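Please open the model in your viewer and keep the sequence panel beside it. The tour below goes from one selection to the next and says what is to be found at each stop.

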Amino acid sequence: MGAYWVKPYDYMPLDQYSRDYLSDNGIKIFDAKDLQGDNYLKLIEVIKKEITNGRFTSIPAISNAADGYEDESVDEDVIMEYNEISEEIKQYTDILCLKKNIILQGAPGTGKTYNTAALALSICGESVPESHDEVMQRYNELQKEGRIGFCTFHQSMDYEDFVEGIKAETDGSSIKYEVKDGIFKQLADRAKNNLEDSQKSKLVLQKEKSTEEKLFSFLEKHSGETFKTKTNAEFVITDYTDRNVTFYNENNPKTKEIQASIRTILDVLNSDLKLEQVSELKHFFKRINGQQSDSYIFTICNKIREQKDEQIVEVSEINLQNYVLIIDEINRGNVSRIFGELITLLEKDKRLGGEHPIKVTLPYSKESFGVPENLYIIGTMNTTDRSVGNIDYAVRRRFAFATLQSKRDLVVVHSTEQAAVLFDAVKSFIEKNKTEMDFEDLMVGHSYFFAKDDDELALRWQYEILPLLNEYIKDDILRANHLESNMSVEKFLEKWSAKSDAKSETEQLE
């Protein structure tokens with residue numbers, strides 16, 4: 001089994017089905033107890049000669065035919081050669097590069113989690129390891145590095161959670177409200193900064209890094225001090241983070257406390273503005289009206305510019321990197337409500353760096369925001385979930401869709417002989433009792449059938465496969481009588497295996 005998984009075109013599992021099939025086709029078979037070592041290799045050589053002569057197409061095709069699979073050809077997309085990315089992942093990578101957004105959809109157990117992780121690695125320019133554990137390890141490393149983000153949509157999720165919103169925080173006995181970025185904006189800003197920095201020279205990067213250190217040094221030294229605006233209004237820097245600066249003006253009749261973005265202040269400091277009039281900021285940011293924080297930013301930037309330049313910081317040139325946001329169960333949330341006006345910005349040509357880049361002003365922070373071209377979105381969707389209809393056409397046309405199917409050949413590789421027989425029986429049960437949904441959207445995924453022995457398979461059947469089939473029946477996805485909760489694998493196979501000439505529940509009633 002192990003050799004077949006590593007090199008599926010060179011080796012094959014010689015179970016009872018395979019031996020019977022080869023014998024029926026004139027291939028002399030050793031006794032089962034002798035099928036090992038040199039005898040096994042000799043038989044493989046005989047099979048390869050027959051393939052060369054055109055009698056068979058490939059070793060995986062023989063395995064499929066031996067197990068009674070209707071299509072004797074092998075789906076090349078699911079065979080992963082040693083140290084190579086599968087053709088399926090390559091195809092998804094090409095689609096995602098073209099569209100920027102993709103949804104991997106399929107029934108439970110069809111490999112959405114693994115394929116999503118492998119696709120994320122591929123988009124990030126990583127080689128995809130042959131081992132599932134190695135894929136997930138590298139995936140977790142990139143997630144910690146901030147290259148990959150993950151979230152799950154649900155019915156109570158909204159724009160404020162995903163993009164940005166005002167959140168309350170307690171500070172001792174007082175409560176203050178701050179604009180907090182959601183995971184989408186956090187990752188988009190990270191990707192945007194990388195995109196912009198990758199296009200800058202080392203000299204520009206050094207200047208910007210020095211300015212950033214200068215700003216935070218100033219905030220650290222002068223936090224709590226009182227400053228005066230150009231109109232002599234007094235204000236104090238009460239707090240700062242890596243995202244915002246908080247100003248306080250006791251005499252302001254509108255808002256005593258207000259925040260300004262660190263990014264906004266750095267943009268002003270790095271610009272060529274003379275900073276002679278506060279109104280320069282309004283024109284610089286292309287706003288119709290000024291903002292209350294402009295006077296404070298104007299004062300702070302002038303104070304910082306008055307300071308002597310410190311030693312230039314050493315930096316390295318930055319390479320362009322891709323970033324990936326994974327949205328699990330994307331159809332469980334109200335996508336239009338969660339993305340809001342940003343749904344338009346997802347289109348490839350409307351992204352920053354695209355042919356027709358578009359920016360919007362965010363409602364809470366008032367920041368100008370665009371989606372960078374190096375941010376990719378991968379969604380997953382359970383095709384058996386009736387909430388699929390929540391994804392409207394405006395959303396659908398901005399995503400590519402790829403359906404993951406349940407793969408019988410993977411069951412043959414990773415599980416027992418009985419598991420392959422059970423797979424066929426479940427397939428027969430669904431095909432004969434399904435209603436309006438496509439079979440590919442319903443077939444229980446191959447991972448549900450993976451088991452090291454028949455005892456483990458019985459547990460998977462009892463607590464995973466059987467309950468799922470009964471859920472299908474309960475939701476009228478399958479037109480059949482409820483399956484007994486204590487029904488064994490053997491009892492189900494008696495009725496639905498290929499040898500039982502199974503009929504649908506409706507046919508049996510007739």
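**First stop: a nonpolar patch**

Begin by selecting I166, I175, Y177 and Y364, which together make a nonpolar surface patch of about 430 Å². Bear in mind throughout that what you have on screen is a predicted model. Within the patch, centre the view on Y177, which belongs to strand β4, the run of residues 174-181. Is Y177 buried or exposed? With a relative accessible area of 57%, Y177 counts as exposed, because the cut-off for that class is over 50%.

**The whole chain**

Now zoom out and colour the chain by secondary structure, where 20 helices and 13 strands can be followed. Of the 510 residues in the chain, 48% are buried, while the accessible surface comes to about 26100 Å², with carbon and sulfur atoms accounting for 46% of that area. If you display contacts between residues at least 6 apart in sequence, 63% of them join residues that are at least 24 apart.

**Strand β12 and T380**

Next select strand β12, which covers residues 375-382, and within this strand pick out T380. T380 has a relative accessibility of 4%, and therefore counts as buried. Showing the side chains of T380 and D328 brings up a polar contact of 2.5 Å between them. If you then expand the selection to what T380 touches, leaving out residues up to four places away in sequence, you will find I103, L104, K112, T116, I327, D328, E329, I330 and N331. D328 thus appears in that list of contacts as well as in the polar contact with T380.

**Helix α13 and C301**

Move on to helix α13, residues 294-306, and select C301 within this helix. C301 is buried, with a relative accessibility of 0%. Among residues more than four places away in sequence, C301 is in contact with I265, V268, L269 and L275. A distance drawn from the C-alpha of C301 to the C-alpha of L215 reads 8.7 Å, although 86 residues separate the two in sequence.

**Two residues with positive phi**

From C301, step across to L275, one of the residues in contact with C301. L275 sits in the loop between α11 (262-269) and α12 (279-284), and has a positive phi of about 60 degrees although it is not a glycine. What relative accessibility does L275 have? The value is 5%, so L275 counts as buried.

Then select K100, in the loop that runs between α5 (87-99) and β1 (101-106). K100 is likewise a residue other than glycine with a positive phi, in this case near 80 degrees. With a relative accessible area of 7%, K100 is buried.

**Cysteines**

How many disulfides does the structure hold? A search of the cysteine sulfur atoms will return zero disulfides. For the reader who wishes to check individual cysteines, C97 is partly exposed at a relative accessible area of 34%, whereas C151 counts as buried at 8%.

**Salt bridges**

For the last part of the tour, show the side chains of Lys, Arg, Asp and Glu, among which the count of salt bridges comes to 24. Start with K167 and D161, whose closest N and O atoms are 3.4 Å apart; K167 is partly exposed at 31% relative accessibility, and D161 is also partly exposed, at 34%.

Continue to K200 and E208, where the side chains meet in a salt bridge of 2.8 Å, N to O. K200 is partly exposed, with a relative accessible area of 23%.

Then turn to E456 and K452, whose salt bridge is 3.0 Å from N to O. In this pair E456 is partly exposed at 23% relative accessibility, whereas K452 is exposed, its relative accessible area being 69%. To finish, select D181, K185, D189, R243 and E367 together, for these residues are joined into one network by salt bridges that share partners.

Conventions
Residues are numbered from 1 along each chain as its sequence is written. This is a predicted model: local features need pLDDT of at least 70, side-chain atom pairs count only at pLDDT 80 or more; totals for chains, interfaces and linings use all residues. Side-chain values use heavy atoms; hydrogens and water are left out. Patches are made of residues with over 30% relative accessible area and no salt bridge: like charges are joined within 9 Å, nonpolar side chains (Val, Leu, Ile, Met, Phe, Trp, Tyr) within 5 Å. Accessible areas come from the Shrake-Rupley method with a 1.4 Å probe; for residues, only the protein chains shown count as cover. A salt bridge is a side-chain nitrogen of Lys or Arg within 4 Å of a carboxyl oxygen of Asp or Glu. Helices (H or I, at least four residues) and strands (E, at least two) are DSSP runs, numbered from the N terminus. Buried means under 20% relative accessible area, exposed over 50%, partly exposed in between (1.4 Å probe, protein chains only). A disulfide is a pair of cysteine sulfur atoms within 2.5 Å. A polar contact is a pair of N or O atoms within 3.5 Å; within protein, one must be able to donate a hydrogen and the other to accept it, and residues adjacent in sequence count only if both atoms are side-chain atoms. Contact means heavy atoms within 4.5 Å.
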